[in-house]
Amino acid sequence: MIGLEIHCQLTNLASKLFCTCKANYREFEPNTNICPVCMGLPGTLPRLNKKAVEKATMIALALNCSTPARLGFFRKNYFYPDLPKNFQITQLNMYGPTSIGEKGKIDIEGKEIRIRRIQLEEDPGRLIYEGASERTAITLVDYNRAGTPLVEIVTEPDFENPRQVRIFLNILSDLLANLGVSDPTLEGAMRADANVSIEGGSRVEVKNIGSFYDLEKAIHFELTRQESLKERNIPIIQETRHWDDRRKITISSRTKEEDEDYRYVLEGDIPWVVMDKNLIESWKRKMPESISSKKHRYITKYAIPPQVADVLASDKYYSDLFEDAHDESNAKEVANLITTDLMGLVDTREKKERSKITAKHLSDLVNLIRGGKITRTSAKSALQEMVKTGRPASDIVSDVGLGKISDESELKKIIEQVILEEPIAAQQAVENPQTINYLVGKVMQKTKGKADPATTLKLLKEKIGTI
Ligand SMILES: [Zn+2]
């Protein structure tokens, strides 16, 4: 049995969870994005960020959770250098359901993964170890992140294998990006711990996992380790283990905290927050269309193939481009251009940020293809140019000379040349018309993909007929 605890930063908010410091701590010099409130100085009071409650509630609704009648906040006490107040403000369902959401579910390939609880809490600061290991003398503290809004999603132990975990995290990450609440590709924006147990053994929690890739590896390791203990009749004890990503193993950590060790108390500085039904309804109406609804629309309205609709709808960057670029008549071609050509060109977060391509580029390019002004092969070169320079489609086509060659006399000359260079292939085409495509390919090569395929085929057939 595998369960997950996933921490997602609400990266798109303007300010921290309880003060007006910036939520985007990444752009600051260490310890410059702080104030008396997030440093927990005496006499300060936290003020709850309403937008954070709105965005976190949207996550709860998207994960089919029920939302509480009132929100409550608790102090989780522990002493650690990354926590300036010595407690973290978080949520707990101690007096009934008072956390952002509970009892949700999400479907992955026909399997239901239940969401136990979602809570809104503050992120601690960051510890930076000077040198390679934790045993080095110097640890630096950067409080810029302290107090930034974090949503913790706790699942039931419903996963049967590491593969399901990976699929779930990919779906969750797409869902958060689609909601516009978080950018999961930012470093540290999504972090997960795993609870792993096998039949007859106790629950082992694996913490400190940096990437989804490592998470899958850590779960694999833990399952193998526990199976091996079981075979040798050694009891599997309940413990917390840390993932060592250098050695790719889990290591028992001596600290084992239980809920009671945290001495949770109600955060008296934040009153109960009544969750007005009308307010939640208005947030619900503001939520963007879900990925599954988009996918369904692409398939039924535009007859886009299901696999294409799936990749297109799942990625916010591409589906936003698609939404703005397509109309009733060209949707299929725009989708095709994005999924077969553009996705290969702009495939990382950095490339997406740098890319100068707009929806207008795409719709113009599709129009040029449909109008017979440019071939599909040249369209790919034009896309490359657009991503790099952002120049308009028509300029690129005329300047770079990507315009389609459909002038028959020009094509005839190239065909004559190809037949001279490929006498054997030409002879074969006379005997077996099926092999003529080889010659079409040669013409394409010579024209760098600019020859109009239909005209080329027609002229080639005529030419071969005379041999
Ligand atoms: Zn602050």
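**Figure 1. Residue classes around the largest cavity.** The lining of the largest cavity comprises 5 nonpolar, 1 polar and 3 charged residues. The view is taken from a predicted model. The residues concerned are C38, L83, P84, K85, F87, E122, D123, A146 and G147. The volume of this largest cavity is about 50 Å³. The count of cavities of 30 Å³ or more comes to 1.

**Figure 2. Donors of the zinc ion.** Four cysteine sulfur atoms serve as the protein donors of the zinc ion: C19 (SG), C21 (SG), C35 (SG) and C38 (SG). These donors lie 2.3 to 2.4 Å from the zinc ion. Along the sequence, the donor residues follow the spacing C-x1-C-x13-C-x2-C. Within this set, C19 and C38 form a pair that links distant parts of the chain, 19 residues apart. Both C19 and C38 belong to the loop between β1 (2–9) and α1 (50–62). C38 also appears in the lining of the largest cavity.

**Figure 3. Geometry and burial at the zinc site.** The arrangement around the zinc ion is tetrahedral because its 4 donor atoms subtend angles of 102 to 114 degrees. For four tetrahedral donors, the ideal angle at a metal is 109.5 degrees. C19 has a relative accessibility of 12% and therefore counts as buried, the cut-off being under 20%. C38 has a relative accessible area of 5% and is likewise buried.

**Figure 4. The second largest pocket and its centre.** The second largest pocket holds about 1,200 Å³ of space. Its lining is made up of 39 residues. Those nearest the centre of the pocket are S173, D174, L175, I291 and S314. By class, the lining of the second largest pocket divides into 13 nonpolar, 12 polar and 14 charged residues.

**Figure 5. Elements and domains that line the second largest pocket.** Two or more residues of the lining come from each of β5 (101–108), α2 (162–179), α5 (291–302), α6 (306–314), α7 (316–325) and α9 (349–354). Among these elements, α2 gives the most to the lining, with 8 residues. At the level of domains, the lining of the second largest pocket draws at least three residues from domain 1 (2–184 + 262–281) and at least three from domain 3 (290–399).

Key. Residues numbered from 1 in each chain as written. Predicted model: local features only at pLDDT ≥ 70, side-chain atom pairs only at ≥ 80, totals over all residues. Heavy atoms only, no water. 1 Å grid on protein atoms, 1.4 Å probe; cavity = no way out; pocket = protein on both sides within 12 Å on 5 of 7 lines; lining within 4 Å. Points joined across faces, edges and corners; volume = space filled by probe spheres on them. Helix = DSSP H or I, 4+ residues; strand = E, 2+ residues; numbered from the N terminus. Nonpolar A, V, L, I, M, F, W, Y, C, P; charged D, E, K, R; others polar. Domains from an automatic or database assignment. Donors = N, O, S within 2.8 Å, 3.2 Å for Na, K, Ca; no water. Tetrahedral: all angles 85-135°; square planar, octahedral: opposite > 155°, others 65-115°. Buried < 20%, exposed > 50% of the residue type's maximum accessible area, 1.4 Å probe, protein only.
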